[in-house]
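Subject: Structure handover

Hello,

Here is the structure we talked about. Please open it next to this note and follow along.

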Amino acid sequence: MADVGIGWWGVPLAVAAGAVRAGTPFLFVSLGELLTEKSGRINLGLEGTLVMGAMSGYGTAYLTGSPWLGVLVAGITGSLFGALHAGLCSLPRVNDIAVGIALMLFGTGLAFYLGKPLIQPQAPTLPALHLGWWSSIAAVRDALKINGLFIVGALLAPAIVWLLRSTRWGMIVRMVGDSADAARAMGYSVDWVRLLATMTGGFLAGIGGSFLSLYYPGSWSEGLSSGQGITAVALVIFARWSPMNCFYASLLFGGAGALGPALQSVGIHSGYYLFNAAPYFLTLFIMVLTSSSEHRLSGAPSELSITR
Amino acid sequence: MSQSIGALSDHLPLPSEGALAVETYGIGKRFGDLIALANASVKIAAGSVHALLGENGAGKSTLVKCIMGYYRPDDGSVMVDGHEVAITTPRHAHALGLGMVYQHFTLVPHMTVLENMVMARADVPPVINWREERKRFDEFLATMPFTVPLDAPVSTLAAGEKQKAEILKQLYLKSRFLILDEPTSVLTPNEADEILGMIRDMAHAGRITVLIITHKFREVMAFADEVSVLRRGKLVGGGAVAGLTPDAMARMMVGDQEIRGMDGRKASAAGAVCLEMRNLEVDDDEGYKAVDGVSLAVRAGEIVGIAGVSGNGQSELVQVLGGQREATAGEMRVHGEPYHARRSEMLRHKVSMLPEEPLRNACVGRMSVADNMAFRRFDQPPYASGPWLHHGAFRRAARELIARYRVKTSSPDAPIATLSGGNVQRAVLARELSGDVDVLVAANPVFGLDFAAVADIHAQIMAARNRGAAVLLVSEDLDELLELADRIVVIFNGKLVYEAPTHQADLTEIGRRMAGH
């Protein structure tokens, strides 16, 4: 193995590379979920949206030969799923959590069904930026292969901060999520705002899915997602509804997921599956640590069904 | 002053300013069979402060909602500055210069005051230049008699500051006719006087016209120019305040309905200490200290009243006494024994609870009145034998309580959530007071109830005291405490800051302590 050349240094390097690579889908899905939750709804269906995005993006890239077109179609598929969620939730006596779970199952099931013919063929994948050209060490060059979507996501996080603070649209989303009555009194349509916010959230989650099938691992299979969609929902709570925290948390979760393979590459094989489970342990651990039976979550939009 | 207002109007689109006259002419509104309002004609002169008096359900909010465009009246019309207008939506009302401050605040809690003010404008730009907005709002504030912290999230403001922010918001939106719905229910007497005084001065200066919905005669007498009284959807009287007495107004409000008189306060020597708190500390939902070292003893046969503006730790204190929350430090004792508000302890020590918002805190809305009335004793004989419950016994007991406490319900089997607020309160009171009571904790027991219900519930609480119960009465209504309590303490920021027997209590001092001075 090439990594042997730098020995143990390969581990932090691989974790950092993994943070960027595996963190990208977390980043997109969590930013999408953040926007949705800021408007006062939880969309648990993003797992299904992610898988649908992965499938439709892969299929489009395969048929047209353009991976970027695949990303776009994945986003559009995602926003359609978002529209479905928002539309169902705007009906009377419909619970957003239940709809989310239904859409999660529906999305994954539909993607597996429609994606059957896509398992064999190889679609073109997204190009990477080679930022490690200066190094002669293969491991460094490998780790510095950054994908374009990550850079888009990294810029998106501060952009969403600005959007929520300094634009009319962002302020309306926050208002709807924090006090639907106040928003209604000012003449904004709560359902309409939530529809758009959920569709935007779905768009980002769809793009997160296309990253899985078009960059890493870069193929379509039914085991493609290992729960990134649902983990990202938890991640938003952990990030306390702050876009920049979502960014850092995505890197953390991505890095944790790379720990197992990285240790394996330096010859530690025992506990491989245990290390692979690191992101899930981390989720559980962080949730236990940051939750309290006595205190309310700070920073949560007041209209969220979990905080009311 | 008027010069700076002139400068301000360059920024805001509405050209005209100054107080508006508003008149309703023969307004009627029906909801199904219920006649909420019939032929109500009220004339509010420009630059005056007009009070709208009436009990709950008298039609005050219906009238106001017709003016504000929430309801379309079935009959009659609304005139603004002498022109008849059909106001179709609240937005339309705002555009005409009509604004309303609601009893429940409509500011967005996690946004700052400045963000709220900017978002309230009709013409929010797509990209907000915060420096520009701040400058504009500062200029506006300079023309106002009071101010609020701009960068604090609204959820962190005290009730008085929220109220000021709501009023400022309406004025910032250039409302020239301002409706205030029970504006002082969450304020200390001093804050109320301050805010109402400023509002009155602005009205008399011809900048705004004010319509205040209230049931406090003191405020009507002190601040209003004219008054209109509604009863059961009809205008039953009114006129210049100068020509009326509180008694006359009360008679108009209540009509000739009979009010159950209160048992007199029986003079008795204070008994043994029944309920005792020692250095009690409690956290609120966010983990901040809400009750901070409260020590208080309540003796048998006395009512101790806790006064204070809402949000100073009263809710958390009552929740701890009722077992809805754990104390973080200190101890509670009942009859000298340690008390943790477990069900068994409450049963043994005969502790009764009348928490605020009883439908939320003391009832299961979808369960029947009979079931709700049985909560304290449902697993004891005669209601149960072993694991078996006797629903017949529930129902029999409930029928008796419904009659005795005059609970208006279609049957003991009706879900309790279908009852009106006053009747839910009576049902809970019936449950809590029907057996022997050694300790009674009541929190805002008459909030939002009409005259008859208030008198009834006050009489029950006084009767419990006279039978020898130790009563802890938490209320935001100072008049209620002055009427009922033997001893008054004031809570501020989770600490008890004042204590006096009621007959020696100094109202000015209480008001100052409630405000934290």
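In which loop of chain B is B:Asp284 placed? B:Asp284 sits between strand S11 (273-283) and strand S12 (289-299) of chain B. Keep in mind throughout that this is a predicted model.

B:Asp284 has a relative accessible area of 17%. The cut-off for buried is under 20%, so B:Asp284 counts as buried. From its C-alpha atom to that of B:Val304 the separation is 23 Å. Those two residues are 20 apart along the chain.

Strand S11 of chain B also holds B:Asn279. B:Asn279 is not a glycine, yet has a positive phi of about 45°.

B:Asn444 is another non-glycine with a positive phi, here about 40°. Its place is the loop between strand S19 (439-443) and helix H16 (451-466) of chain B. B:Asn444 is buried, at 11% relative accessible area.

Next, helix H18 (residues 507-514) of chain B. Its buried residues are B:Glu509, B:Ile510, B:Gly511 and B:Met514. What do they pack against? Two helices and two strands of chain B: helix H7 (189-204), helix H17 (478-484), strand S21 (487-492) and strand S22 (495-501). At the start of H18(B), B:Asp506 brings a side-chain oxygen to within 3.1 Å of the backbone nitrogen of B:Thr508. Just after H18(B) comes B:Gly516, with a positive phi of about 85°.

There are cis peptide bonds to check in both chains. In chain B, the bond from B:Pro381 to B:Pro382 is cis, with omega near 5°. B:Pro382 belongs to the loop between helix H13 (369-373) and strand S17 (384-385). In chain A, the bond from A:Tyr216 to A:Pro217 is cis, with omega near 0°. A:Pro217 falls in the loop between helix H9 (190-214) and H10 of chain A.

That brings us to H10(A) and its helix partners.

Helix H1 (residues 10-38) of chain A crosses H10(A) at roughly 55°, and the axes come within 8 Å. The two are therefore oblique to each other. The crossing is right-handed. On the H1(A) side, the contact uses A:Phe26, A:Val29, A:Ser30, A:Glu33, A:Leu34 and A:Glu37. On the H10(A) side, it uses A:Gln228, A:Gly229, A:Thr231, A:Ala232, A:Val233, A:Leu235 and A:Val236. By class, that contact has seven nonpolar, four polar and two charged residues.

Helix H2 (residues 46-64) of chain A packs on helix H10 (residues 228-238) at an angle of about 135°, with the axes 7 Å apart. That angle makes H2(A) oblique to H10(A). This crossing is right-handed. From H2(A), A:Leu46, A:Glu47 and A:Leu50 meet A:Gln228, A:Gly229 and A:Ile230 of H10(A). The contact of H2(A) with H10(A) has three nonpolar, two polar and one charged residues. A:Gln228 and A:Gly229 also appear in the contact with H1(A).

One last site: A:Ser79, in helix H3 (residues 67-89) of chain A. Is A:Ser79 buried or exposed? Buried, with a relative accessible area of 11%. Its side chain reaches the backbone oxygen of A:Ile76 at 2.8 Å. Leaving aside residues up to four places away in sequence, A:Ser79 touches A:Met199, A:Gly202 and A:Phe203.

Best wishes

Technical notes:
Residues numbered from 1 in each chain as written. Chains lettered and ligands numbered in written order. Predicted model: local features only at pLDDT ≥ 70, side-chain atom pairs only at ≥ 80, totals over all residues. Heavy atoms only, no water. Helix = DSSP H or I, 4+ residues; strand = E, 2+ residues; numbered from the N terminus. Buried < 20%, exposed > 50% of the residue type's maximum accessible area, 1.4 Å probe, protein only. Polar contact = N/O pair within 3.5 Å; in protein donor to acceptor, adjacent residues only side chain to side chain. Contact = heavy atoms within 4.5 Å. Axes fitted to C-alpha atoms, helices over the stretch in contact; angles between N-to-C directions. Parallel < 35°, antiparallel > 145°, perpendicular 65-115°, else oblique. Left-handed = near helix turned anticlockwise from the far one by under 90°. Nonpolar A, V, L, I, M, F, W, Y, C, P; charged D, E, K, R; others polar.
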